[in-house]
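Work through the exercises below with the sequence and the model open. Try each task before reading its solution.

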Amino acid sequence: MHGFCRMARAKIAMLPTRAAFSVFAACVTAAAIASAGVLVSGCATGAIGGEEGSVGRDGGVIGTDTGASDDAGAGDGASRDQGVDGGGSKDGSAFVPPPECLGGDVVVPDGHRIAFSNYAAEVTTEPMMDGDGTSSCRRRYVLSSNAPRRADSSGLDPSESGGLGNGQERVLEERAGEPLLRSGHAMFDALYALALDEARQASVAEIRDDAFDHGRSLECPSGGCFETGALWRYVWTRDTAYATNLALALVDPVRAANSLLFKVSSRRDVGVGESGSGSGGGGGGVGTSSESTAEVVQDTGTGGSYPISTDRVVWALAAAEVEKTLTGEARANFQRQAFDALRNTIEHDRRVVFDEIDGLYRGESSFLDWREQTYPRWAADPIVPIGESKALSTNLLHLFAIEYTAKLAHHFGETEAVSRYADWAARLRDDVRWRFDRAHEIEAVDAHGSGTRLDAGLGYGSAVASRVGGAFDRAPNAQLDLLAISLAVLLDVFPAERARALVADYPHLAYGPPVVFPQAQDIPIYHNRAIWPFVTAYALRAARHVGNTAVVAHDTFSLIRGAALNLSNMENLEVVSGLPWVDDGEMSGPVVNSMRQLWSVAGYLSMVHQTLFGLELESDGFSVDPFIPGQLADALFPGVDAVVLNGVALRGRKITIRLHLPRSSGKAERAAFGSGPGSGSGSGFGAGGEVLLRATGWWLNGERLDGRFVADSLLGSENLVDVDLEVVDANANANASANSSSITLIDDPSDYQKLFAPRTPEILDVRPAFSEEASRGVVVSVASGERPESITYDIYRDGVRVARDLPGVTEAWVDEMTPRDGDSPCYAVESRFKSSGLFSDRSAPRCFWGHGFERVFAFSIDALEGRNGERRADTTPPSFEFLEDPGAALELAHFVPSVDGRFVVQALASNDAGPRSTGVTCGVLRAEVLDRETGEIAGAGYLAVPHDPSGRFHDSTSLEVGLKAGRGYRVRLLRDPWAVNMSAYEHFRRYTGGAGGNQPFNRVKVSQIKLLQIMSSSP
């Protein structure tokens, strides 16, 4: 498989050994998919985020604004069936703590079975006995499925696989003291128990990974850790953070906190907090911590990890949830550690990966960390374009981390830090909104200032790009990233109507939403062509946040179906079939697929907690605001009078939540839910997507509440929250619009042009126009791997589209704009399928550097002065190697530009410390351009040199600076306390998967310093 099985995740140095990689081949035809008897197409969600730009009580962490007012229905004076006035007892008597579990009065017919296509899952239940032989409320479930299973997914022998038996059956027992779900639907209750069981299996006393301590086990702190999955036995920053934010903070706060703090590490060196001039964006002062050098670590990853991968700030999402589950001294200690770690982390990132030109943070997309899966091939070898680009998901995580750190700064009375970070967050919010938006009009401006306006011309709705490019092509791309879009919605980055459109327009297939859209051709299934349940869970939260009942219904049942048929919450599923493996030759996959993947488990729990029950934690209480689309109620709870979540533990108290559903015994009321099966057989749904069940009244322990918020001060040790629901028109709630019951479905996945992007085109040449082509201008030669009659081309100059819908037979396009002296226009091309409107990734940019490349100034090692390093004549070309000496430097003593303008500084460099897929030793150097006369810094920043095991020399990432004609400048590369990779942190002292374990390793060989003149500022 072209090496794909050798390295499936950038964070893992080596895949687990497998005696046999046997799989269930499940080739599902398009006809079978189209006719699949889908149980339901339903969905549900919670929310992250607060009011735009605010740093309030929740710090943008978990918003609860889903469209209903805080007092909706609270003053109507009566319960649905009790006739109790506001403020009275719900049953007219003193409150009695609930028993071990409450349940409704109705058992859903056929609620023991889920079927789709040719496969079905079933469950049998039996009561469990207490120690005295009496019947317990707890149940024993036997789950079975005839769907194909992954033979390699557990990572264990069958005898050790957690009750899997022969692989087609799973036995579960509900545990005393743990939450129980009672919905009347046996399968739904069992799958909740399954998620808790898998969270329990991930709750370990020790962890291990082949890349650390040669695979030896490491003991967790008291209270344990969460491992990442059956195949991934370590604690990873990204996986742990998303899973903790989704559900695990509530499930086990101590274990969640332990897992997070395991990913916080001090520096191996000292004095970091006292250094740094602030050049390059960060500044010193308030941001640096004199008491701690601790930061959140970036795991092993692409090109040697940080600063190519920069989403370590996802840790803040989890910390914000863990904080809410703790009390007293434990909360105070955690807040202090979180503040120190996050402040140091965001200050470091501000210096090293923040780009002042466009106001965004560089780095790889969060979670989509297997390069070829979601980036064009030209960006994956060498890795530099990935590190140079800016990802929407990663920038949103930086936004959240900054806002949450401001909240913590406020808590600790650090007013200067609050102001500093609030300003950063406000600016980043604006830049994200503008830079990633492909739906606004694009202004095409030529070098002389004139221009026209061109519509973005998207083929699939009001899209937001997954990333923007680097110095030579800053335009947003045409790929959609579901996690990024969901985070943008939850953080209220875009206006409400736009957010609703983003949710409604994202393409879904029958079995769920792909994590990216469109799919890439000729790439195996993993992130590409795949459903990832944890991403679906965030999509659910986003859909709930904007009140979209259709998406909530569809995606809820994507999670239900995936867990039921696989008897586990799998890492991923193929997008068209919904199966854990599809045989497609060299494109087969998902290439790797673990059972009980931690964030998938958490995603299922989030669907129940945040979506169905609307349970949201706050620092001094919690809120309950259910959101149940009519489709979901019709399929799961026909005729059910109550759905109950029993015995949730929160800050030392037990909470039981009972949702009182409208009875649905009459024909007219059945129609209000839609024309679904009623029996729960899964035969289909009618117009139920436009119907919603929402709360009209809340009671705590029999006393009427004013709204959905329940303060800790009102709680006893055992508590019962009753919520009355009524049927409403989904389009009538305050957060609704025409998009509230809308979903975009790809109805014919057999038409590859509706699902796949065109192959990435290529610019073959950029040259001056000659007389036979044009009298002036630049000729751009293009090529594509698609049939010419099926596509059109768009061409971009300097990140702005300047030509649209060129015929697919085009071989050369003439840009009649003649560059001024000093201007070096850079071009990129994307293609689009005529039939579907889907865009390709853009080509690698190509620049016109003048007739004789006179705008490229390259200075070889012979022209440079080096110190405290090693000159290497044995490399090709000869080079200067930066060793570990902190005083190492390489300098170009004198450079005089002939015109005012913008220049890009790069190093032609090599780093063979590890593979492109993993490691912790990405090369990092500080670059400075100084005025020779005044000594002032004209520009400074950090260059990254990612791994290339071949030892080839490549351009580093870039620093863009403005220089004046006739002035002399010095250009130097050096080390400073921020020019480090992850090997500088204590956490990686145990790393044995490559260089950087025994001691920090940041060796880079440089053969040239280059200055590229990209734009003149002369009149």
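Buried means under 20% relative accessible area, exposed over 50%, and partly exposed in between, with a 1.4 Å probe and protein chains only. This is a predicted model: local features need pLDDT of at least 70, side-chain atom pairs count only at pLDDT 80 or more, and totals for chains, interfaces and linings use all residues. Residues are numbered from 1 along each chain as its sequence is written, and side-chain values use heavy atoms, with hydrogens and water left out.

**Exercise 1. Place the salt bridge of D355 and K390, and state whether each residue is buried or exposed.**

Solution.
- Step 1: apply the criterion. A salt bridge is a side-chain nitrogen of Lys or Arg within 4 Å of a carboxyl oxygen of Asp or Glu.
- Step 2: check the pair. N and O of K390 and D355 are 2.7 Å apart, which makes a salt bridge.
- Step 3: locate the ends. Helices (H or I, at least four residues) and strands (E, at least two) are DSSP runs, numbered from the N terminus. D355 sits in strand β12 (residues 354–355) and K390 in strand β14 (residues 390–391), 35 residues apart, so distant parts of the chain are linked.
- Step 4: judge burial. K390 has a relative accessible area of 1% and is therefore buried. D355, at 6%, is buried because of its relative accessibility.
- Step 5: widen the view. D355 and K390 belong to a network of salt bridges that also includes D358, R362, R474, R902 and E960.

**Exercise 2. Describe two further salt bridges, R238 with D311 and E830 with R842.**

Solution.
- Step 1: take R238 and D311. Their closest N and O atoms are 2.6 Å apart.
- Step 2: find their places. R238 is in helix α3 (residues 237–251), and D311 is in the loop between β11 (295–296) and α5 (315–325). The two are 73 residues apart. Both R238 and D311 are buried.
- Step 3: take E830 and R842. Here the N to O distance is 3.6 Å.
- Step 4: find their places. E830 lies in strand β38 (residues 826–833) and R842 in the loop between β38 and β39 (846–847), so parts 12 residues apart in sequence are tied together. Both E830 and R842 are buried.
- Step 5: set the count beside them. The whole structure has 73 salt bridges.

**Exercise 3. How many disulfides does the structure hold, and which cysteines pair?**

Solution.
- Step 1: apply the criterion. A disulfide is a pair of cysteine sulfur atoms within 2.5 Å. The structure holds 3.
- Step 2: take C101 and C137. The S to S distance is 1.4 Å. C101 is in the loop between α1 (30–34) and β1 (113–116), while C137 is in strand β3 (residues 135–145), 36 residues apart. C101 is buried because its relative accessibility is 11%. C137 is partly exposed because its relative accessibility is 28%.
- Step 3: take C220 and C225. Their S to S distance is 2.4 Å. The link is left-handed, with -135 degrees about the S-S bond. Both cysteines are buried.
- Step 4: take C826 and C847. Their sulfur atoms are 2.0 Å apart, and the link is right-handed, with 100 degrees about the S-S bond. C826 is in strand β38 and C847 in strand β39, 21 residues apart. C826 is buried because its relative accessible area is 3%. C847 is buried because its relative accessibility is 12%.
- Step 5: write the pattern. With bonded cysteines numbered in sequence order, the pairing is 1-2, 3-4, 5-6.

**Exercise 4. Which strands stand at the edges of the open sheet that holds β38?**

Solution.
- Step 1: set the rule. Two strands pair if DSSP finds at least two bridges between them.
- Step 2: read the order. The open sheet has 4 strands, β36-β35-β38-β39, with antiparallel pairing.
- Step 3: name the edges. β36 (800–807) and β39 each have a single partner strand, so one side of each is left without a neighbour in the sheet.
- Step 4: check one pairing. β35 (residues 791–797) pairs with β36 over 5 bridges in the antiparallel sense. I795 has A803 in β36 as its bridge partner.

**Exercise 5. Which residues touch the most other members of the largest nonpolar core?**

Solution.
- Step 1: define the core. A nonpolar core is a set of buried Ala, Val, Leu, Ile, Met, Phe, Trp, Tyr and Cys residues joined through side-chain atoms within 4.5 Å.
- Step 2: name the residues. The largest core has 208 residues, and F188, Y242, F534 and Y604 touch the most other members.
- Step 3: inspect F534. Contact means heavy atoms within 4.5 Å. Leaving aside neighbours within four places in sequence, F534 contacts Y242, L246, F367, L483, W599 and S600.
- Step 4: find the separate core. Another core, of 28 residues, lies apart from the largest, with A927, L943, V961 and L1011 among its members.
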